[in-house]
Amino acid sequence: MTSLEQPAATIAAPQLPADGATGFHLLAKPSGSTCNIDCTYCFFLSKESLYPNDNSRMSEATLEAYIRQLLESHRSPTVTVAWQGGEPTLMRLQFFERAVELVEQYKRPGQTVEHTFQTNGILLDDAWCEFFKKHNFLIGLSVDGPREIHDAYRVDRRAQGTFDRVMNGWRLLRSHGVEFNILCTVNAANEHHGRTVYKFFRDELGAKWVQFIPIVERASEATLEIANQGWSDRPGRKRLLYTQSGNLVTERSVGGEQYGKFLVEVFEEWVRHDIANMYVQLFDVTLEAFFGRHLLCIHAPTCGDGPTLEYNGDLYSCDHFVEPGFLLGNIHETHMATMVASPTQRKFGNDKRDTLTAQCQGCKVRHLCNGGCPKDRFSVSRDGEAGHNYLCAGLELFFMHTGPTFTKMAQLLQQNRAPAELMASLAADDARRDPYQPCPCGSGKKFRFCHGPKAPASPFSGVNAVPVPATKSETVSTPIELRSSADRD
Ligand code: SF4
Ligand code: SF4
């Protein structure tokens, strides 16, 4: 037990302000940033160096303080207990059995608790899956696409691809009937394969819920070379602590505009076949924004309700800002509700709105985009203002492209009709469309051979196939040559 880990009951619950937020979404990292694999783009791995001499495992005292304070802090009827990493399966199953017991002990009458768990899937076995099923856990499984794409960056410590081991975890989740989401990063290896990646999740993995996360790894001229080598700790190699600084990006990062093209490719497939059948987080979030509801911090006007808890009780402003300047305190010294409501954290969240560039303030899709995440604001705007979002070209493309369709969906909802009705009218439009005209997704390809009836099959191997050597035309995109963030696309 460290000096901070006093008995859990010593911190009294604060009086929550009546007009304050009713809840927040905390990500807990019970094994810190420690992971059993070594994804090249994962800068979270470097956060181990914040706690160099610890074994990075959450103690029983911290677990109890966390669960108790989390349940005390919420006035909303539903509370999410969210486990994240690093890799949370590095904690033994007994740890999470105890967490569930503590939830039952501290849950207030009328409170409903949802459990979520983000994993790379490699250590899953029958016992884990039986536990998840029994307690209704929602599992986030990290997969970047078919084997050739997934294995580009999601590798182990011997630089071997992890696809087969992840698919083993996926099979176990399916066979036990555990609910799962796919978390897919968009990076230099899959940025040109949006539709293929999406179809792989839908058709081969049977996923119903997908979330895309852009990989944007910042670096400066001084750190770029080391950053391009990855963030893990290897003998004989200098290691950096990743911080949100620098206005260059690594060669693994997604291109700003290409991120939008990827999303549009997925959207054009989804809108034709999958409305109401597949939930793509950003699509859901965008439709909700038409009704003034902002479900995702990244595209909300303000943020600050998504703190992160390290294994020792340290609370940070956000999972993307686990660095000394954003440490709010420790739950063994200050109640988490006090830290979340603190002026420091409120300022962190309000700065998202208060530091928008003039381009963002005058942007036609600001009500949908809200300038994106502050961590990505290291580029320059069209009029040369610093602090603009690196992904802007892609975000603008996506929101402009999809806006008319989401407007129609919103109108259908207002008439108490289902947005899925749109698929029939799109099918009729497509039937009238000249198949040799450019595809509406903007790819430049003919409709017939893009999102039309003769769309090409995936050039990548399927989930059960053994790896096949790619032909030259099928090769996964090689990492892009690095340019400054201003001219990245
Ligand atoms: S910094 Fe970005 S990820 Fe973190 S809470 Fe704000 S918008 Fe969300
Ligand atoms: S699309 Fe670009 S300019 Fe518009 S709000 Fe988003 S980041 Fe700002």
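Let me start with helices H6 and H8, which lie oblique to each other in this predicted model. Helix H6 covers residues 194-204 and helix H8 covers residues 256-273. Their axes are 7 Å apart, and the packing angle is about 50°. An angle of that size is neither under 35 degrees nor between 65 and 115, and the pair therefore counts as oblique. The crossing of H6 past H8 is right-handed. On the H6 side, the contact is formed by Gly194, Arg195, Tyr198 and Lys199. H8 contributes Phe262, Leu263, Glu265, Val266 and Glu269. Sorted by class, this contact holds four nonpolar residues, one polar residue and four charged residues.

I turn now to a second helix pair, H1 and H2. Helix H1 runs over residues 60-73, and helix H2 over residues 93-106. Here the axes come within 9 Å and cross at roughly 40°. H1 and H2 are therefore also oblique to each other, and H1 passes H2 in a right-handed crossing. From H1, the residues in contact are Glu60, Leu63, Glu64, Ile67, Arg68 and Leu71. From H2, they are Arg98, Ala99, Leu102, Val103 and Tyr106. This contact comprises seven nonpolar and four charged residues, with no polar ones.

Next, the ligands. Which residues surround ligand 2? The shell consists of Gln359, Cys360, Cys363, Val365, Arg366, Cys369, Gly371, Gly372, Asn389, Cys392, Leu395 and Glu396. Three helices each supply at least two of these residues: H12 (358-361), H13 (366-369) and H14 (392-414). H14 gives the largest share, with three residues. By class, the shell around ligand 2 has six nonpolar, four polar and two charged residues.

Around ligand 1, the residues are Cys297, Ile298, Cys303, Gly306, Cys318, His320, Lys352, Cys373, Pro374 and Lys375. Six of the residues in this shell are nonpolar, two are polar and two are charged.

Finally, the chain as a whole. How many helices and strands does the chain contain? There are 15 helices and 14 strands. Of the 489 residues in the chain, 44% are buried. Among contacts with a separation of 6 or more, 73% join residues that are 24 or more positions apart.

Terms used
Residues numbered from 1 in each chain as written. Chains lettered and ligands numbered in written order. Predicted model: local features only at pLDDT ≥ 70, side-chain atom pairs only at ≥ 80, totals over all residues. Near = placed C-beta within 6 Å. Nonpolar A, V, L, I, M, F, W, Y, C, P; charged D, E, K, R; others polar. Helix = DSSP H or I, 4+ residues; strand = E, 2+ residues; numbered from the N terminus. Buried ≥ 20, exposed ≤ 12 C-beta atoms within 10 Å, placed from the backbone. Contact = placed C-beta atoms within 7 Å. Axes fitted to C-alpha atoms, helices over the stretch in contact; angles between N-to-C directions. Parallel < 35°, antiparallel > 145°, perpendicular 65-115°, else oblique. Left-handed = near helix turned anticlockwise from the far one by under 90°.
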